[in-house]
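Reader: Please pick one strand of this model and go through it closely. After that, place it among the other parts of the chain, with the pairings, rings and cysteines that can be checked by eye.

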Amino acid sequence: MDADSDVALDILITNVVCVFRTRCHLNLRKIALEGANVIYKRDVGKVLMKLRKPRITATIWSSGKVICTGATSEEEAKFGARRLARSLQKLGFQVIFTDFKVVNVLAVCNMPFEIRLPEFTKNNRPHASYEPELHPAVCYRLKTLRATLQIFSTGSITVTGPNVKAVASAVEQIYPFVFESRK
């Protein structure tokens, strides 16, 4: 087995975070009283609204900014955001769905082998940092993709990036390096 051979790795997307604007002021009290599946956090000035399908949680501010978390794909995130905007329209707000953007994607990938973390860190020193007393994983940053990888000795890798394409590229780029340090 060598690092160049094509290995099919399953990348499981666990969370997609997106933002959008409604281009209108939102009355949080009205949303809390009339909306469904709503938690009103008056002390911080926001409302949490949950949708069942797709399973997302939205944080809504009175300025009209909305952050949606919990989707498992970029398409599901956009669909959920549009559904949320529609439910705000049904509450009587003049919502215009604008400035939609996926801002963060969290994914998990399991390597078919275990990894020697001290050896991996030594070989990839400027990008990798490993503090076993603080955290059990190596933190590896890819500045070009704006992605961060948490590499565990079990072979499990948690990837955070700005979009799904960057996450997939990050796993492709890291594979030869972790392959060198396999147990």
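Author: Two strands count as paired if DSSP finds at least two bridges between them. The model is a predicted one, and the strand taken here is E8, residues 138-142.

The chain is divided into domain 1, residues 16-103, and domain 2, residues 111-181. Between the C-alpha centres of these domains the distance is 33 Å. The numbering of E8, 138-142, falls within the bounds of domain 2.

E8 is paired with E7 and with E9. With E7, residues 128-130, the pairing is antiparallel and has 3 bridges; in it, Ser129 has Cys139 of E8 as its bridge partner. With E9, residues 147-151, the pairing is antiparallel and has 5 bridges; here Tyr140 is bridged to Leu149 of E9. E8 and E9 make a hairpin, with 4 residues between the strands. In that turn, Arg146 has a positive phi of about 55°.

As for burial, E8 is largely enclosed by the rest of the structure, because 4 of its 5 residues are buried. Tyr140 is buried, and so is Phe120.

Tyr140 brings in the aromatic rings. The whole structure holds 6 aromatic pairs. In one of them, Phe113 and Phe179 have ring centres 5.8 Å apart and planes at 80°, so this pair is edge-to-face. Phe113 sits in the loop between E6 and H3, whereas Phe179 belongs to helix H4, residues 164-180; the two are 66 residues apart, and the pair links distant parts of the chain. Both of these phenylalanines are buried. Another pair is that of Phe120 and Tyr140, which is tilted, with 5.8 Å from centre to centre and 50° between the planes. Phe120 is in helix H3 and Tyr140 is in E8, so this pair ties together parts that lie 20 residues apart in sequence. Tyr140 is thus described twice over: by its bridge to Leu149 and by its ring pair with Phe120.

The loop that holds Phe113 holds Pro112 as well, between E6 and H3, the latter being residues 117-123. Pro112 is exposed, with a relative accessible area of 54%. Its C-alpha is 6.9 Å from that of Gly155, although 43 residues separate them in sequence. Phe179 has a charged neighbour: Arg182 lies over the face of its ring, 4.0 Å from the ring centre.

That leaves the strands on the domain 1 side. E1, residues 11-21, and E5, residues 65-71, pair in the antiparallel sense over 5 bridges. In this pairing, Phe20 stands opposite Val66 of E5. E5 is joined to E4, residues 56-61, by 4 bridges, again antiparallel, and Val66 is the bridge partner of Ile60. E4 and E5 form a hairpin with 3 residues between them, and Gly64 in the turn has a positive phi of about 105°. E2, residues 38-41, and E3, residues 46-51, are an antiparallel pair with 4 bridges, in which Val38 is matched with Met49. Their hairpin has 4 residues between the strands, and Gly45 in its turn has a positive phi of about 70°.

Phe20 leads on to other contacts. It forms one aromatic cluster with Phe97 and Phe100, and it is among the contacts of Thr98, along with Arg21 and Arg23, once neighbours within four places in sequence are set aside. Thr98 belongs to strand E6, residues 98-110, and counts as buried because its relative accessibility is 15%, where the limit is under 20%. Elsewhere, Lys30 lies over the face of Phe93, at 5.4 Å from the ring centre.

Last come the cysteines. The disulfide count is 0. The sulfur of Cys18 has that of Cys68 as its closest cysteine sulfur, but at 4.3 Å the two are too far apart for a bond, since a disulfide calls for sulfur atoms within 2.5 Å. Cys18 is buried, with a relative accessible area of 0%, and Cys68 counts as buried at 2%.

Note on methods: Residues numbered from 1 in each chain as written. Predicted model: local features only at pLDDT ≥ 70, side-chain atom pairs only at ≥ 80, totals over all residues. Heavy atoms only, no water. Domains from an automatic or database assignment. Buried < 20%, exposed > 50% of the residue type's maximum accessible area, 1.4 Å probe, protein only. Contact = heavy atoms within 4.5 Å. Phe/Tyr/Trp six-rings, centres within 6.5 Å; stacked < 30°, edge-to-face > 60°. Lys NZ or Arg CZ within 6 Å of the ring centre and 35° of its normal.
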